[in-house]
Amino acid sequence: MISESCLKVPAAEARKEADHYIKLKLDKDGCEVKHINDVIGKGVFAKKDYKKGEFILEYDGELISRREGENREKNYSSALGSYIFFFKSPQGGKKLCIDGTFSKRMGRFVNDAPRHDHQCNADMEKLFIDYRPVLVLFARRFIKAGEEIRYDYGVKNLPWRCKKVLDMHMNSSSNANDIHRVSQFIYGGNSLS
Ligand SMILES: C[S@@+](CC[C@H](N)C(=O)[O-])C[C@H]1O[C@@H](n2cnc3c(N)ncnc32)[C@H](O)[C@@H]1O
């Protein structure tokens, strides 16, 4: 018997499917957005099983220069959330951003998990389709229906990765004040004491 973890989609097939949805500007029907808690906010969950390598979602948004991305980051109100993805173009290495702030699609709601963590079940790949760079999520391993989709943001010093924040999350004795302080730390840039 072949185990689920051995099931794999060939890269060319996954790429073809990604191409299809990217050109249609549509999300594939296989995920849903759900509220997790007041600290993390929303997240994206698999509605079906995904084979390793399978196309999941595009990180849709407005393609802008890095400088414009930095300006927007400074000027956007914190209530809008944080959806600007900085990257180097797969062609030519130009520094760019995709601003997903006003996207109606699901990609912007996918949360972060460190690459070495089992929770990290997707990889964000930079592709070049129809003369433009695109950011696409593929399954890093077999994903069971109901699992949250997460990928490694690849950014250093993410506040929620600091041990104190994680400890508070995990500690069932955390009270509303703790959660509020963590939330302020993540969203408001305050420091935890
Ligand atoms: C691209 S958004 C992801 C969707 C977001 N959770 C939401 O509700 O809109 C990135 C933001 O999600 C939150 N986030 C992502 N991964 C997280 C994690 N592992 N733990 C806590 N918050 C996380 C942070 O506030 C981060 O700025």
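How far does a polar side-chain atom of Tyr83 lie from an oxygen atom of the ligand, and what is the value in Å? The two atoms are 2.3 Å apart. Please keep in mind that this is a predicted model. Below is a friendly tour of the ligand site, the nonpolar cores, the salt bridges and one helix residue.

**Around the ligand**

- The ligand is surrounded by 15 residues, and the closest are Ile40, Lys42, Tyr83, Asn111 and Asp112.
- Besides the oxygen atom that lies 2.3 Å from a polar side-chain atom of Tyr83, the ligand has a nitrogen atom 3.0 Å from an N or O atom in the side chain of Arg150.
- For Trp160, an N or O atom of the side chain is 3.4 Å from a nitrogen atom of the ligand.
- On its own the ligand has 560 Å² of accessible area, and the protein covers 90% of that.
- At least two residues of the shell around the ligand come from each of S2, strand S7 (111–112) and helix H4 (176–188).

**The nonpolar cores**

- In soluble globular proteins, nonpolar side chains tend to be buried together.
- Here, the largest nonpolar core has 23 residues, and those touching the most other members are Cys31, Val44, Ile56, Tyr59, Ile149 and Tyr151.
- Two or more residues of this core come from each of S2, S3, strand S5 (84–88), strand S6 (95–99), strand S8 (122–129) and S9.
- The biggest contribution, three residues, is made by S9.
- Tyr59 is worth a look: beyond its neighbours within four places in sequence, its contacts include Tyr83, Phe85, Ile98, Met124, Leu135 and Tyr151.
- Another core, of 11 residues, lies apart from the largest one, and Ala14, Ile129, Val134 and Val136 are among its members.

**Salt bridges**

- There are 21 salt bridges in the structure.
- Asp29 and Lys47 form one of them, with their closest N and O atoms 2.7 Å apart.
- Asp29 sits in the loop between helix H1 (11–24) and strand S1 (31–37), and Lys47 in the loop between strand S2 (41–46) and strand S3 (55–58), so this pair ties together parts 18 residues apart in sequence.
- Asp29 counts as exposed, at 61% relative accessibility, while Lys47 is partly exposed, with a relative accessible area of 43%.
- Arg132 and Glu58 form another salt bridge, in which the closest N and O atoms are 3.9 Å apart.
- Because Arg132 lies in strand S9 (residues 132–139) and Glu58 in strand S3, the pair ties together parts that are 74 residues apart in sequence.
- Of these partners, Arg132 is partly exposed at 27% relative accessible area, whereas Glu58 is buried at 3%.
- Glu148 pairs with Arg150 in a salt bridge whose closest N and O atoms are 3.1 Å apart, and both residues are buried.
- Arg150 also appears at the ligand, where an N or O atom of its side chain is 3.0 Å from a ligand nitrogen atom.
- A network of salt bridges links Asp112, Arg115, Asp123, Arg140, Asp152 and Arg161; Asp112 is also one of the closest residues to the ligand.

**A residue in helix H2**

- Arg67 belongs to helix H2 (residues 66–75) and counts as exposed, at 66% relative accessibility.
- Although 29 residues separate Arg67 and Leu96 along the chain, their C-alpha atoms are 8.2 Å apart.

Notes: Residues are numbered from 1 along each chain as its sequence is written. This is a predicted model: local features need pLDDT of at least 70, side-chain atom pairs count only at pLDDT 80 or more; totals for chains, interfaces and linings use all residues. Side-chain values use heavy atoms; hydrogens and water are left out. A salt bridge is a side-chain nitrogen of Lys or Arg within 4 Å of a carboxyl oxygen of Asp or Glu. Helices (H or I, at least four residues) and strands (E, at least two) are DSSP runs, numbered from the N terminus. Buried means under 20% relative accessible area, exposed over 50%, partly exposed in between (1.4 Å probe, protein chains only). A nonpolar core is a set of buried Ala, Val, Leu, Ile, Met, Phe, Trp, Tyr and Cys residues joined through side-chain atoms within 4.5 Å. Contact means heavy atoms within 4.5 Å. A residue is near a molecule or strand if one of its heavy atoms lies within 4 Å of it. A polar contact is a pair of N or O atoms within 3.5 Å; within protein, one must be able to donate a hydrogen and the other to accept it, and residues adjacent in sequence count only if both atoms are side-chain atoms. Accessible areas come from the Shrake-Rupley method with a 1.4 Å probe; for residues, only the protein chains shown count as cover.
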